[in-house]
Structure formats: C-alpha cells, structure tokens
Amino acid sequence: MEINKISIIIISYNRPADALELLQNITTLKQTAELLQEVILINNNSSVSYQDVEAYISQHNIYPFKYVSSPENLGVSRGRNLGISLATAPILFFLDDDALLDDAGALQQIHTAFSAPYKERAPGILSFRVLYHENRQWQINAFPHKHFKAYSHLQAFGTYYYVGCAHAIKKEVFEKAGMLPVDFFYGMEEYDLSYRTIEAGFSIQYNSGVTVLHKESPHGRQPKPEKLKGMWINKSKVAWRYLPKKYFYSTAGMWGLLFLLKTGFNIRLFISGLKALSAIPGAEPRKPLSEKAMQYIRSTNPRLWY
C-alpha cells in the first residue's frame with residue numbers, strides 16, 4: 001500500500017446516469033496513474049438498471065474501477081462503511097453520485113493537503129468547496145461552517161465538522177476513531193465521526209483547492225418528514241454522546257421546532273420523535289469529549305446549540 005494513493009468511494013442509489021457521468025468525469029483527472037488506487041462504486045440495491053454503468057466499467061478497464069452491488073439498501077453510513085472496508089489506499093475520497101469534480105488536479109490537491117506539515121493537529125478529514133451544478137453558486141448548506149459570511153472568503157481553515165457531499169478522510173482515522181455510526185440510516189453521521197476524529201487527535205480542514213459541482217437544486221431538497229425526523233433524532237444523539245448535556249436539550253428543542261415548521265406541524269411524527277428522544281438518555285451511553293478536544297472545537301468558532 002503506497003502512502004500517496006487515493007481510493008474514491010461512491011455510493012449510488014437509483015441514479016445510474018449521474019453515476020456514469022461521475023465515472024467519466026474521474027477519467028479526466030490528472031495523475032490518475034500515480035495517485036488513484038481505485039474507484040469503488042457501490043450500487044446500494046437500486047431498483048433501476050445500472051447496465052450502462054457496468055458496460056462502461058467493463059469497456060474502460062485501464063482505469064481501476066470496481067463495481068459492487070449490495071443486496072440491500074445500506075443507507076449512507078453502512079454503505080460508506082462497506083466502501084471503507086474494501087478500499088486499499090491510505091486516503092479515501094468520498095463523492096456523492098450526483099456530484100462532479102470541477103478540478104482536474106483534485107487528486108494532487110488532496111495529496112498535497114494531507115502531506116503538508118502542521119504545527120499542531122494533522123488533518124484527518126478534508127472538506128471541500130461545493131457549488132450548485134446548475135448555476136455555480138455556493139451551496140451554503142454544504143459549507144463546513146455555520147458562519148458562512150465570515151469564512152467563505154478563506155482558502156483554508158480548521159473546522160469542527162465536514163460535509164458529506166465531497167470529503168477525504170485518512171484511513172487511519174477509521175482505525176483510531178471507528179467507523180461511521182451504523183444506527184444512522186440517513187443524516188448527521190458526519191457530526192458523529194467528526195467529534196470522534198477530533199477526540200482521536202486529528203483536525204478537520206476546509207480546503208478550497210477542490211471544487212465540486214453538486215446537482216442538487218439551488219431551490220433546496222426538502223427531506224421527507226420521516227427523514228427529517230431521523231435527522232432531528234440523530235443530531236440529538238450526537239449532542240448527547242459527545243457534548244455537555246445542555247447541548248442535547250437545546251438541540252432536541254430547536255430541531256423539534258424546525259421539524260414542526262418544515263413539516264407543516266406533523267403532530268403524529270412529532271410525538272413519535274419526542275418518544276425516541278426521551279429514550280436517548282437511558283439507552284445511549286455518553287462519551288463526552290475530552291477538554292483537549294473541546295478546546296480545539298471552541299477554537300473553530302463553532303455553533304453547538306443546535
């Protein structure tokens with residue numbers, strides 16, 4: 001295993017055309033022979049045909065494409081965990097299947113960022129610039145800091161969480177901090193791993209040297225009520241597990257209000273959400289971050305209340 005190699009991991013569900021375009025996009029990258037170990041595309045039990053994707057991979061065997069078909073929909077966390085278990089490079093580059101790389105030099109940028117010397121915490125995770133594919137404007141909800149106006153002009157900065165659309169993680173992080181949370185089917189798994197990564201002694205860095213074009217609509221993609229409820233519960237679980245207890249109560253309350261507003265006051269799901277939240281303190285063991293980890297988080301100007 002060479003220290004400079006990168007594995008790209010893509011989880012795809014019912015988007016074969018997007019997945020195919022992303023594979024084609026990857027073939028345009030520079031230094032693939034030197035830096036690209038493999039491209040692992042996991043079909044997450046899609047209900048539509050990936051025949052064109054499979055044909056493209058078989059016809060382009062000069063590239064290290066690996067196609068894996070999952071017998072079940074593993075969700076985001078378990079799907080990526082499968083990719084992690086299959087990857088053989090020390091750097092793992094995760095891309096959403098509806099994203100494209102805008103930089104032909106993306107692999108070199110990732111390699112350089114992880115190789116650069118750091119005075120204190122070495123980066124364990126890199127988060128990148130995400131623009132809407134449709135109009136090339138910032139996707140603000142894919143920016144890895146809540147204070148967008150204060151940080152968006154910076155080329156690089158340390159932060160306290162990463163964004164799932166496009167990010168790179170040292171495989172060493174998973175060896176020291178553990179895998180993505182398997183009880184999170186959709187949403188907030190980034191926060192859970194981020195806190196464990198910081199606790200393990202790494203930093204999380206934003207790097208604008210890699211730009212990703214995301215095909216999500218600029219008008220937003222409203223999660224279905226069930227998914228929004230899951231995000232509410234998962235974010236509250238993360239706060240309970242790792243942060244001072246006051247942040248669990250503030251997160252549960254403010255996300256509950258957000259859930260009501262975004263679902264048009266879906267009282268049935270709100271009540272079931274409250275029941276799930278009330279069970280968290282008795283069912284979830286707390287793993288509070290060390291003071292050293294909290295000092296790092298506070299140094300990044302975080303928003304922890306919700």
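This passage describes strand pairing and aromatic contacts in a predicted model.

Strand 2 spans residues 36-43 and is mostly covered, with 7 of its 8 residues buried. Strand 1 (residues 6-12) runs parallel to strand 2, and 7 bridges join the two. Within this pairing, Ile 8 stands opposite Val 39 of strand 2. Strand 2 is also joined to strand 3 (residues 65-69), again in parallel, by 5 bridges. Here Asn 43 has Ser 69 in strand 3 as its bridge partner. Together with helix 3 (residues 51-59), strand 2 and strand 3 make a β-α-β unit that is right-handed.

Aromatic contacts were searched for across the whole structure, and 19 aromatic pairs were found. In one of these, the ring centres of Tyr 160 and Tyr 161 lie 5.0 Å apart and the ring planes meet at 70°, so the pair is edge-to-face. Tyr 160 and Tyr 161 are both buried. An edge-to-face pair is also formed by Trp 240 and Phe 248, with 5.2 Å from centre to centre and 70° between the planes. Both of these residues, Trp 240 and Phe 248, are buried. Elsewhere, a cluster linked by ring pairs consists of Trp 138, Phe 143, Phe 148, Tyr 151, Phe 157 and Tyr 206.

Aromatic rings also take part in contacts with lysine side chains. Lys 227 lies over the face of Tyr 186, 4.4 Å from the ring centre. For Lys 235, the charged end sits over the ring of Tyr 191, at 4.4 Å from the centre of that ring.

Notes
Residues numbered from 1 in each chain as written. Predicted model: local features only at pLDDT ≥ 70, side-chain atom pairs only at ≥ 80, totals over all residues. Heavy atoms only, no water. Phe/Tyr/Trp six-rings, centres within 6.5 Å; stacked < 30°, edge-to-face > 60°. Buried < 20%, exposed > 50% of the residue type's maximum accessible area, 1.4 Å probe, protein only. Lys NZ or Arg CZ within 6 Å of the ring centre and 35° of its normal. Helix = DSSP H or I, 4+ residues; strand = E, 2+ residues; numbered from the N terminus. Pairing = 2+ DSSP bridges. Right-handed = clockwise from strand over helix to strand, strands pointing away.
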